[in-house]
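Got your viewer open? Load the model, pick a cartoon view, and follow along stop by stop.

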Amino acid sequence: LKFYQNYKAAQKIGFPILASPVDKLNPFWLLTKDFLTPLLRCLPFGLGEFSQRAYMGWNFPDFYKTHARLKSDAFTIVTPGELEVYIADPESAEDILKRAQTDFVKSPALYDMLNLLGQNVNTTNGKTWQRHRRITAPPFNERNSVIVWQEALKQTREVLEFWEELGNVRTTTDDSMTLALHVLMAASLGVNYSFRESLNSKPQTTSGHTLTYRDALNTIIRNMGLAILFRMVEKLPIPNAMLPAKMKNMKLALDEFYRYLTQMVKDERVAIASTGNTGSNADKANLMSVLLRSSDQAKEKAKARANLEATMGNKSPTNIAYLSDEEVYGNLFIYNAAGHDTTANTISYAVTLLAIYPEWQKWIGEEVDKVFSDGVGKDAGQWDYEKSFPRLRKCQAIMFETLRLYSPVVSVPRYTAHSRQKLSVNGKSYDIPPRTNIFVNIAALHTNPRYWGNDALAWRPSRWITKSTSLDEDTIIEAQPPGVFIPWTSGPRVCPGKKFAQVEFVAVLAAMMSSWRVGVVREGAETQEQSRTRVLQIVQNSKVEFTLKMKKPNRVGLKWTRKSK
Ligand code: HEM
């Protein structure tokens, strides 16, 4: 009945319709889809075709294909749950993202699942979101960029020495995750780690830990679906001993990560108390200290005001301006997760693509040599952020081109909640009913041949660069029109770590290409060409697990050699 009602509602909207007998968030489907999907795909007459789109992240590697087949930048999938509308018109995408605070909000059914350790800036709406964003985003400023830059250079030097020793590197993704986590920890928590030491680091057994901070966090991020499922199962009266091994591991990772965070928060509060709770300590402008200082100060003020109001016989004020402890943990988790998984995978994809297509290494190498021979300093240790970052445009082009095809977030879900919304698609107005999930299809927008040409699916970094006649320097052209390239989305909820990620990526790539070259390691009797084709297939065999990742990254073997003078 619900399916029928939804079908009628979809007809009224007027976009082409696809049908799916399952709602992709149905718990029974979530548990059985991996087993059922291969069987469904064998059904005759395309009966099981729906299963190709019945999971989060199906948009990769579909790209623009479904839109092209339906000859439309918008279509609706009818399910027995809620309607799903997919949008690949740049103007509509911009419009939806701009109206994020009122008209197209985040669906509680989808985002509450990400409250693994508490509500946070990514999962909330309206005034609550404004409060989270106001408190958490300010530390990610230009002063922070300098820390990101320096830490990324330092970590890259260490990683490369390690990779040179290894010879055949099969851990590019794992090591990029460690590198990015260290940069994030330095810039957001003020904690410094050495890449080398962390490789052999053991859990803090003295404090009763059985996992390291990094392993606990990575277990959660790499198995986000399982973490979400565990939070559902946890509410059921099932004894711990009866949980499958995977669930027990997840419980351990969540508990361990939470214990690390509580300890860090405790330590930071002690440090704040000893330096005076003024919030003016310049060295401590990182996420952790800002979260705690602003929250604790605001909490004190709110308490004092509530006491005053109470003595005057007024009702307690409802305007909360701080984060509760649970919200502090929620935000520390989401910044930790969103802040290193995304950038790490972008680095890993880019490095692997550079190994497959070495001609682009020469291309960036020229830029890096030019920028760092102009007095900025030959040694990466002396590279100055302000002088070098803006000039490393080809390095940025490599990042943009990688994000265009391998965007960590392949579609952005929004929700009409209780109200009906007007939306213009390709100049025509449509009426979107309440309780509709509307997905900005990033993977499709990034490959729509109308904007990217016939080679939209090819990784070609030079498409971002144009020669500027006046300065005789290479410059990056912005994608036009707005909405065509939105890996960080846009509007009020644009990613607060956009600049952070750009600075980190460019530092890592410049440090690599200034002195090193990377190639694919051949297997058996493979020719160079065959090995590149094989590795490209591994790259393309990716899926969304929280963000887009290669399914089998450890099958890629890379070799780093020092660049000849
Ligand atoms: C290449 C790197 C990155 C990409 C492609 C990326 C992409 C995105 C996207 C698409 C969103 C919107 C998600 C949604 O609306 O559901 C987002 C939100 C967010 N990102 Fe990033 N991100 C990156 C790096 C970072 C970094 C380095 C940080 C932190 C240091 C970060 C923190 C966040 C947070 C907290 C949000 C939620 C913001 C809000 O809802 O107001 N991201 N990011």
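Start with the sheet: 5 strands form an open, mixed sheet in the order β1-β2-β3-β7-β4. Strands pair here if DSSP finds at least two bridges between them; helices (H or I, at least four residues) and strands (E, at least two) are DSSP runs, numbered from the N terminus. Select 17–19 and 412–415 next: these are β1 and β4, the edge strands, and each has a single partner, so one side of each has no neighbour in the sheet. On average, neighbouring strands are turned by 25 degrees against each other, direction ignored. Axes are lines fitted to C-alpha atoms (for helices, over the stretch in contact), and angles run from 0 to 180 degrees between N-to-C directions.

Before going on, a word on what you're looking at. This is a predicted model, where local features need pLDDT of at least 70 and side-chain atom pairs count only at pLDDT 80 or more, while totals for chains, interfaces and linings use all residues. Residues are numbered from 1 along each chain as its sequence is written.

Now zoom in on 74–78 and 83–87. These are β2 and β3, antiparallel and joined by 4 bridges; pick T76 and you'll find its bridge partner, V85, in β3. Add residues 2–13 to bring up helix α1, which packs on the sheet and touches β1, β2 and β3, its direction making about 170 degrees with that of β2. Contact means that the C-beta atoms of two residues, placed from the backbone, lie within 7 Å. Then show 90–98: this is helix α5, lying across β3, β4 and β7 (436–440) and running at about 120 degrees to β7.

While you're at β7, step back to R435, in the loop between β6 (428–432) and β7. Its phi is near 55 degrees, a positive value in a residue other than glycine. For another backbone detail, go to F60 and P61: the peptide bond between them is cis, with omega near 5 degrees. P61 sits in helix α3 (residues 59–62).

Next stop, the ligand. Which residues are closest? Look for G339, T342, C495, G497 and A501, among the 24 that surround the ligand (C-beta atom, placed from the backbone, within 6 Å of it). The elements giving two or more residues to this shell are α15 (325–356) and α21 (498–515), and α15 has the largest share, with 7 residues. Colour the shell by class and you get 15 nonpolar, 7 polar and 2 charged. Ala, Val, Leu, Ile, Met, Phe, Trp, Tyr, Cys and Pro count as nonpolar, Asp, Glu, Lys and Arg as charged, and the others, Gly among them, as polar.

Keep α21 on screen and add 142–166, helix α8. The two pack at about 35 degrees, with their axes 8 Å apart. Show side chains for the contact, which includes W149 and L153 of α8 and F500 and V503 of α21. By class, this contact has 11 nonpolar, 3 polar and 3 charged residues.

For a second helix pair, select α16 (359–373) and α18 (393–405), packed at about 145 degrees with axes 8 Å apart. W360, W363, I364 and E367 of α16 meet K394, C395 and I398 of α18.

Last, colour by pLDDT, the predictor's confidence in each residue, from 0 to 100. The chain's mean is 89, with 92% of residues at 70 or more, but residues 278–282 stay under 50. Where pLDDT is low, the predicted coordinates should not be read in detail.
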